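Student: I would like to learn how to read a structure like this one. Could we go through it feature by feature?

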Amino acid sequence: MTAIALSPRARKRLIARGLDALTWLVLVVMLAPVFWLVASSLQNDGQLARGSYDLLHPTFQAFKDMWKTIDFERYFVNSAIICTVAALLATAFASTAGYALARFRFRGARPFGLAVIGTQLIPGSMFLLPTFIGFLWLKQHVGVQLYDTRVGMIIVYTAFFTPVAIYFMRSFFQGIPRDLEEAAQVDGCTPFTAFVRIVLPNAAPGLMATFVYAFLFAWDELLFVASLTEHNAETLPLGIRLFIGNYSQYYGQLMAAGVVSTIPVVIAFFAAQRWLVRGITAGAVKG
Amino acid sequence: MSTPTLQPDVSAEVTQRRVPREPRRPRRRHRKSRLPYALIAPALVFMVFVHGLPAIGGFVLSLKKFNLFTFRQLFGAPWNGLENYRSILLDSDNPLHNGFWGAVSNTAVYTFWTVAGTLVLGMAIALLLHRKMRGQRIVRTLILVPWIVPSYVVAVLWSFMWQSDVGIVNKFLVDYTHLLGHRPVWLLGPNTMWAIVIPSIWRGIPLAVLIFLAGLAAQPQELHEAAAIDGAGPWRRFRHITLPLLRPLIAVQLLFGVIYAAYQFAIPTVMFGSNPGPDADLMMTFIVRQSFSNSLYGLGAAASTLLMLVMLVWVAVWYRAFRRDLEVT
Amino acid sequence: MRRKLATASWLVAAVLALVVAACGGSDNKSNTSTAAKSATNATALKKGTTVNFWIMPNGPQPQQDMEKTVAAFEQQTGVKVNVEVVGWDVQLDRIKNAAVSGQGPDVTQAGTTQVPFFAALGGFENLNDRISQIGGKGAYAPGVWQTTQLQGQDGTYAVPWFTEARAIYYRKDVLEKAGIDPATAFTDVNAFQQTLQTIKEKVPTIGGKPISPFGMPGKKAFDLVHHVMPFVWDNGGAELNDDASKSTINSTQAEQGVDFVAQLVKKGLFDKSMLERDGTQVENQFKGGRLAVWIGGPWVLSTIDRTDDKNWVAAARKNVGVAPMPAGPDGKAFTFVGGSNLMMFKSSQHKNEAWALMKYLSGDTVQKDYANLLSFFPARLKPQEEVGNSDDNHKAFYSAIKQGRTYAPIAQWGPIENAYKGRFGNILDSAAGQGKPFSEGEVKSELNAAAKEADALLQQGS
């Protein structure tokens with residue numbers, strides 16, 4: 001059989017379509033467990049336990065009941081506030097520190113860089129109790145209440161997620177050529193202004209990625225929030241565990257809560273995609 | 001397309017000056033600027049108070065006899081010197097001694113597969129998503145979803161999926177596609193390692209994709225265009241342009257990916273309870289079980305310190321391999 | 001440029017709003033801890049004080065059920081009760097932190113096996129002086145009373161609240177189909193095994209659906225040890241020696257007991273996939289008609305009639321029978337008795353009011369009503385007996401409570417139980433063909449390791 005002669009443009013188009021299809025396939029495979037999550041949230045507990053799903057007759061009972069079983073709104077609001085503020089602060093601190101490490105040679109740069117890595121080496125099990133004791137000490141001797149407060153958790157999370165973010169931002173900055181800042185400084189900008197006005201906009205994809213990283217890790221953190229809160233500042237990861245008790249378990253509601261926790265965040269990130277696009281566009285124009 | 005954020009004049013000037021693949025320029029003499037110190041100050045303050053001091057506190061606790069009987073004394077508990085360390089390393093009667101090496105080997109296996117799987121698949125998918133295609137925004141948002149679902153829910157979901165009799169994985173492998181003849185048991189025995197590796201990779205891919213995508217987006221287009229014009233095919237462009245430019249990001253993810261995987265705690269605990277069994281017991285599940293569930297806090301702090309020392313070896317190895325990528329551009 | 005400025009100011013405004021919200025949220029708790037310290041002998045309660053009360057998720061609607069229960073108390077005394085539900089997975093650490101930091105509630109629920117651990121921490125009130133007001137030791141069964149003590153100390157650190165014991169659940173229709181008489185099916189361990197064997201041979205399916213004779217959860221279950229120990233006790237074994245100074249889990253008798261359970265797995269009488277599950281999940285398998293025989297607690301009984309509990313299938317729902325645990329070779333039957341107690345914090349600023357609440361919850365009627373809500377048993381003897389006589393299934397549980405036995409009230413029991421749980425789990429896994437190959441030697445070595453771990457944990461106190 002003779003090979004079909006394709007024009008280069010047609011060949012390109014075929015490959016492109018093939019890759020498009022592959023992309024959608026990959027997405028489907030990656031989301032398959034999430035489809036299963038949604039399907040599970042639409043079953044009743046008996047069907048879940050037996051594994052015999054009835055996909056044709058979904059029930060929304062779990063979505064209705066989950067609000068009664070736990071105080072979902074309180075956990076959600078706490079999570080939203082704590083994680084957003086902590087992620088913003090972490091991104092801000094990380095971008096300045098990452099820029100310093102990427103562009104400047106200064107004494108203390110190497111120790112600082114290594115110390116940043118060092119913070120990630122400390123197992124949670126090691127500094128969990130001391131942090132709790134530290135909060136107690138602050139209350140007793142300085143009168144500052146951080147235990148079971150949103151501010152306390154924000155401080156802890158900002159500190160947690162800044163170090164890795166610093167390394168991310170530094171890598172992003174390393175990928176941006178110096179020319180732009182130097183041109184701006186030739187024009188009379190101070191280094192800091194050049195950083196803010198020229199470099200940051202170019203690093204928008206990196207900033208966005210860092211914010212998302214910090215936000216999502218904070219969104220999910222369990223070990224510390226379990227020990228450092230009691231009622232007021234409890235977040236979603238704590239709240240959703242209440243569905244599973246020693247004597248009764250509501251897996252359907254847990255799945256439903258998992259779905260409900262995900263949707264607003266997905267919408268927020270979809271809306272925020274604009275920033276990512278802007279950053280890429282800026283890069284294109286620059287070229 | 002939205003408005004470009006750069007002022008037009010600057011970009012025009014830059015375009016004229018731009019030459020692909022510039023050699024390193026001689027460094028301009030900087031005045032001893034205080035700017036970098038100001039830039040790192042906020043991060044440093046937080047790190048000292050939340051990481052530094054408590055870590056020292058943790059080390060101090062590891063030198064004390066700190067268990068359920070002395071817990072209420074907190075830092076006033078009696079000193080134990082290096083006894084805790086001796087017990088873990090040498091005393092075969094000590095609960096934290098037995099099972100320690102098993103946990104180490106499990107963690108090594110788990111870390112290797114998780115990090116390798118995450119980075120390789122993450123890179124591949126990022127390359128796919130980097131292309132311009134219809135529905136790009138949707139795809140790029142939805143690929144994050146595995147990461148957004150709370151990890152507790154993910155672990156519970158997978159523990160349902162892995163059930164040997166009614167779980168969907170076995171149903172898929174045996175009942176629907178007949179790929180296997182028998183139903184493997186995932187939640188007991190040697191397969192428990194895969195039962196935690198696979199969800200970990202699945203959950204780690206979105207971050208890797210996100211990072212690599214941002215890195216790919218920042219790569220200068222003209223480099224690729226120039227190489228394409230010179231006749232380089234996609235694979236050569238990838239190997240010689242894309243990959244080297246992504247090296248700093250690969251290095252970062254490798255470093256922290258290994259640390260994060262070695263310290264993994266949530267997924268095995270939620271899937272298996274506090275004792276994942278001899279094949280899936282990782283270092284953190286081992287330490288937390290022995291130190292918190294068994295109230296051997298001082299010993300746990302000592303084991304955590306030892307774990308830290310082990311990871312320092314990894315960092316040293318990484319540093320030698322990727323020292324170049326830490327340099328200032 | 002102006003547009004960028006506008007965007008930036010929106011961002012700053014948004015961040016400021018979030019920060020304000022963050023700071024504002026911290027003062028929500030109305031902790032009226034400025035109330036006067038309670039006088040030593042004054043029993044007058046101050047109206048308007050708030051007692052903070054931690055409970056665990058007891059039943060499907062824990063918050064509402066408890067608020068309903070204390071409504072009458074609030075009305076009678078003018079003392080407000082602030083109920084807070086704390087999950088089982090965090091309660092151990094939370095209560096421990098509260099005891100040590102002095103920042104916690106006034107009263108908390110605690111598992112019966114946890115009381116010695118908390119008492120040893122030193123943050124809980126000794127109720128010796130007050131306990132006589134509600135009848136003291138005599139108002140409770142010995143096994144229940146023991147859970148308020150701490151070995152080696154003369155004090156009462158908790159008030160028993162509600163009780164549970166384990167018994168055998170079985171499918172009446174399966175036994176009928178197999179031609180087994182329920183009255184003799186589970187009288188002793190041999191009969192127990194024979195019943196399962198007969199079910200396996202004669203009733204592989206019922207109503208067209210496959211059914212396994214027996215199943216039990218694996219090491220994922222918090223109560224695995226509670227399931228296995230009765231068989232150890234039946235054989236004359238014990239978890240620790242009499243003065244709780246050494247582990248005896250590797251004695252010959254204990255080994256026989258554990259081996260009995262492992263043999264059920266080996267002989268195919270035990271559905272192996274149950275080992276992947278925790279206690280409640282296996283309970284749901286029984287409800288779903290997958291198991292003919294299962295060991296469980298009384299809380300399952302109340303769900304039989306609840307139509308919104310979709311775990312039940314019709315055949316199972318209609319055919320539930322309960323029998324006491326089987327007797328061992330020397331004719332004595334044992335079962336695990338557990339439940340929850342109430343403890344008062346030393347740091348409480350309202351001890352009189354807190355005690356009044358605990359007294360209220362120990363009232364006979366309140367005990368009965370609350371226990372019925374959850375389908376547990378009251379802890380106090382009189383209402384316990386009343387509930388026990390309510391129907392046949394409850395009678396079986398009541399006689400189980402009378403055979404009840406619990407663990408030594410030492411502070412390190414929790415960790416020791418964990419050590420045993422891991423080892424029992426390994427033995428059962430190996431009997432199921434996962435992990436190390438199963439043999440008598442394997443059982444012995446795991447139990448020896450368990451004893452060694454337990455001994456090391458017991459050394460801590462020295």
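Student: How many of the 329 residues of chain B, as a percentage, count as buried?

Tutor: Keep in mind that this is a predicted model. A residue counts as buried when its relative accessible area is under 20%. In chain B, 57% of the 329 residues meet that test. The accessible surface of the chain is about 15000 Å², and carbon and sulfur atoms account for 65% of that area.

Student: How many helices and how many strands are there in chain B?

Tutor: Chain B has 14 helices and zero strands. Read from the N terminus, its elements are therefore a run of α after α. As for contacts between residues at least 6 apart in sequence, 64% of those in chain B join residues at least 24 apart.

Student: Let us take one residue. Is B:Ser87 buried or exposed?

Tutor: B:Ser87 has a relative accessible area of 7%, so it is buried. Its place is helix α3 of chain B. Leaving out residues up to four places away in sequence, B:Ser87 touches B:Asn94, B:His97 and B:Leu299.

Student: What does chain C contain in the way of helices and strands?

Tutor: Chain C has 18 helices and 13 strands. Its radius of gyration is 25 Å, close to the 23 Å that the globule rule gives for 462 residues, so chain C is as compact as a globular protein of that length. The C-alpha trace spans about 75 × 70 × 45 Å along the principal axes of the chain.

Student: Which percentage of the residues of chain C count as buried?

Tutor: For chain C the share is 61% of 462 residues. The chain exposes about 17400 Å², with 52% of it supplied by carbon and sulfur atoms. Of the contacts in chain C between residues at least 6 apart in sequence, 75% join residues at least 24 apart.

Student: How far apart are the mean positions of the positive and negative charges of chain C?

Tutor: Here one averages the places of each kind of charge and compares the two averages. Chain C has 48 positive and 46 negative charges, and their mean positions are 6 Å apart.

Student: Where in chain C is C:Val322?

Tutor: C:Val322 is in strand β10, which covers residues 320–323. With 9% relative accessibility, C:Val322 is buried. Beyond residues up to four places away in sequence, the residues that C:Val322 touches include C:Ala167, C:Tyr170, C:Leu301 and C:Phe397. C:Gln285 is 37 residues from C:Val322 in sequence, and their C-alpha atoms are 16 Å apart.

Student: How many aromatic pairs does a search of the whole structure find?

Tutor: The search finds 69 aromatic pairs over all chains. One of them joins A:Phe76 and A:Trp219. Their ring centres are 5.6 Å apart and their planes lie at 90°, so this pair is edge-to-face. A:Phe76 belongs to helix α4 and A:Trp219 to helix α10 of chain A, and the two are 143 residues apart. A:Trp219 is buried, at 3% relative accessibility.

Student: What kind of pair do B:Phe66 and B:Tyr297 form?

Tutor: That pair is tilted, with 55° between the planes and 5.8 Å from centre to centre. B:Phe66 is in the loop between α2 and α3 of chain B, whereas B:Tyr297 is in helix α14, 231 residues away. Both B:Phe66 and B:Tyr297 are buried.

Student: Which residues do ring pairs link into a cluster?

Tutor: Among them are A:Phe127, A:Tyr157, A:Phe168 and A:Tyr213, together with B:Trp147 and B:Tyr260.

Technical notes: Residues are numbered from 1 along each chain as its sequence is written. Chains are lettered from A and ligands numbered from 1 in the order in which they are written. This is a predicted model: local features need pLDDT of at least 70, side-chain atom pairs count only at pLDDT 80 or more; totals for chains, interfaces and linings use all residues. Side-chain values use heavy atoms; hydrogens and water are left out. Helices (H or I, at least four residues) and strands (E, at least two) are DSSP runs, numbered from the N terminus. The radius of gyration is taken over C-alpha atoms; the globule rule is 2.2 Å times the number of residues to the power 0.38. Buried means under 20% relative accessible area, exposed over 50%, partly exposed in between (1.4 Å probe, protein chains only). Contact means heavy atoms within 4.5 Å. Accessible areas come from the Shrake-Rupley method with a 1.4 Å probe; for residues, only the protein chains shown count as cover. Lys and Arg count as positive and Asp and Glu as negative; His and the chain ends are not counted. The place of a charge is taken as NZ of Lys, CZ of Arg, CG of Asp or CD of Glu. Rings of Phe, Tyr and Trp (its six-membered ring) pair if their centres lie within 6.5 Å; planes under 30 degrees apart count as stacked, over 60 as edge-to-face and the rest as tilted.
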